[in-house]
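Reader: I would like to go through this model by question and answer. Please keep the replies short.

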Amino acid sequence: DLDHPTGVRARIDRHTSTIILCGPPSEPSTPNMTVLRSRRSKGLHSATQSAVMGGGARIFAAGVMLPLTVVKTRYESGRFQYSSVGGALVAIARTEGLRGLFSGAVATGLRDAPYSSLYLALYNTFKGLLNDTAGQPSVYISMTAGLMAGSLASLITHPQDVIKTWMQLDNTVHSSILGTLRTIFKTAGIRGLLLGAGPRIVRRTLSSAIAWTVYEQVTPVLMRAYPVAAKSTSS
């Protein structure tokens, strides 16, 4: 049955939220950095500047996209039989209100802001080191720096992701960060904070590395093609 919650259409729709979240919103720092960088001195930023800009951009985007993140988390758990992304949003809003749509908001912020801050700071640091020593094409440098930065940033912020996931699956039982943390420790111990670390590190690392490599290669081309827009951005 195509329309059944476990049918073909449902399976396709379950990936819709993932596709949306893995598109431009998943790396909000990249477009915002075009403006932010243009207002700074030319060249690489310091680690502190990179951390502040990356974290600020990510907090904004994470808040906007949080309802879709909740839907994605619930779809992937297999516990919920929503018929579509739109239907899931309506059902959550109707039964749980805004609290359900924005469940795990604080935990998400504690995951995403540090991730983007760490990623951008590490990316610029690794890129600078590779530029100094490798002498390789810029695509190679961007991708390598992205993979290294993404791996470290994903590992460091993974415990927050576990807490966020538990809260979004059942925000009535897991309504606070500390309470959720205690539950995780009771049921799985310290190991529970690293559950699913491998797949997330691979996904986030590849996603970030590809996004930033494309950004680094495309931005100069666009700036040369549209010098008027580039000049207005920097003013």
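The exchange below covers helices, salt bridges and a surface patch.

Reader: Is this model predicted or experimental?
Author: Local features are reported where pLDDT is at least 70. Side-chain atom pairs need pLDDT 80 or more. The model is predicted.

Reader: What does helix 4 span between its end C-alpha atoms?
Author: Helix 4 covers residues 85–101. A straight helix of 17 residues would span 24 Å at 1.5 Å a residue. Helix 4 spans only 12 Å.

Reader: Where does helix 4 bend?
Author: The span of helix 4 falls short of the 24 Å for a straight helix. The bend is about 105 degrees. It is placed at T95.

Reader: Which residue caps the N-terminal end of helix 4?
Author: The contact runs to the backbone nitrogen of G87. A side-chain oxygen lies 2.9 Å from that nitrogen. The capping residue is S84.

Reader: Which residues of helix 4 are buried?
Author: Buried means under 20% relative accessible area. In helix 4 the buried residues are V85, A88, I92, G100 and L101.

Reader: How far does helix 7 reach from its first C-alpha to its last?
Author: Helix 7 takes in residues 177–188, twelve residues. At 1.5 Å a residue, 16 Å is expected. The model is close to that, at 16 Å.

Reader: Which residue takes a positive phi just after helix 7?
Author: At the start of helix 7, a side-chain oxygen of S176 comes to within 3.1 Å of the backbone nitrogen of G179. Just after the helix, phi is about 70 degrees. That residue is G189.

Reader: How many salt bridges does a search of the whole structure find?
Author: One of them pairs R111 with D161. Another pairs E216 with K127. The search of the whole structure finds seven.

Reader: How far apart in sequence are the parts tied together by R111 and D161?
Author: The closest N and O atoms of R111 and D161 are 2.5 Å apart. R111 lies in helix 5 (residues 105–133) and D161 in helix 6 (residues 138–169), so the pair links parts separated by 50 residues.

Reader: Is R111 buried or exposed?
Author: The cut-off for buried is under 20% relative accessible area. R111 has 9%, so it falls under that cut-off. Its partner D161, at 11%, also counts as buried. R111 is buried.

Reader: Which helices hold E216 and K127?
Author: The closest N and O atoms of E216 and K127 are 3.2 Å apart. Both residues are buried. The pair ties together parts 89 residues apart in sequence, because E216 lies in helix 8 and K127 in helix 5.

Reader: Which residues are joined into one network by salt bridges that share partners?
Author: D161 also forms a salt bridge with K164, with closest N and O atoms 3.9 Å apart. D161 and K164 both lie in helix 6, three residues apart, about one turn. The network joins R111, D112, D161, K164 and R200.

Reader: Which helix gives the most to the nonpolar patch?
Author: The patch is about 700 Å² and includes L147, V202 and Y226. L222 is also part of the patch, and lies in helix 8. With six residues, the main contributor is helix 8.

Reader: What is the relative accessible area of L222?
Author: Partly exposed residues fall between the 20% and 50% cut-offs. L222 counts as partly exposed. Its value is 45%.

Notes
Residues are numbered from 1 along each chain as its sequence is written. Side-chain values use heavy atoms; hydrogens and water are left out. Helices (H or I, at least four residues) and strands (E, at least two) are DSSP runs, numbered from the N terminus. The expected span of a helix is 1.5 Å times one less than its number of residues. A polar contact is a pair of N or O atoms within 3.5 Å; within protein, one must be able to donate a hydrogen and the other to accept it, and residues adjacent in sequence count only if both atoms are side-chain atoms. The bend at a residue is the angle between axes fitted to the seven residues ending there and the seven starting there. Buried means under 20% relative accessible area, exposed over 50%, partly exposed in between (1.4 Å probe, protein chains only). Patches are made of residues with over 30% relative accessible area and no salt bridge: like charges are joined within 9 Å, nonpolar side chains (Val, Leu, Ile, Met, Phe, Trp, Tyr) within 5 Å. Accessible areas come from the Shrake-Rupley method with a 1.4 Å probe; for residues, only the protein chains shown count as cover. A salt bridge is a side-chain nitrogen of Lys or Arg within 4 Å of a carboxyl oxygen of Asp or Glu.
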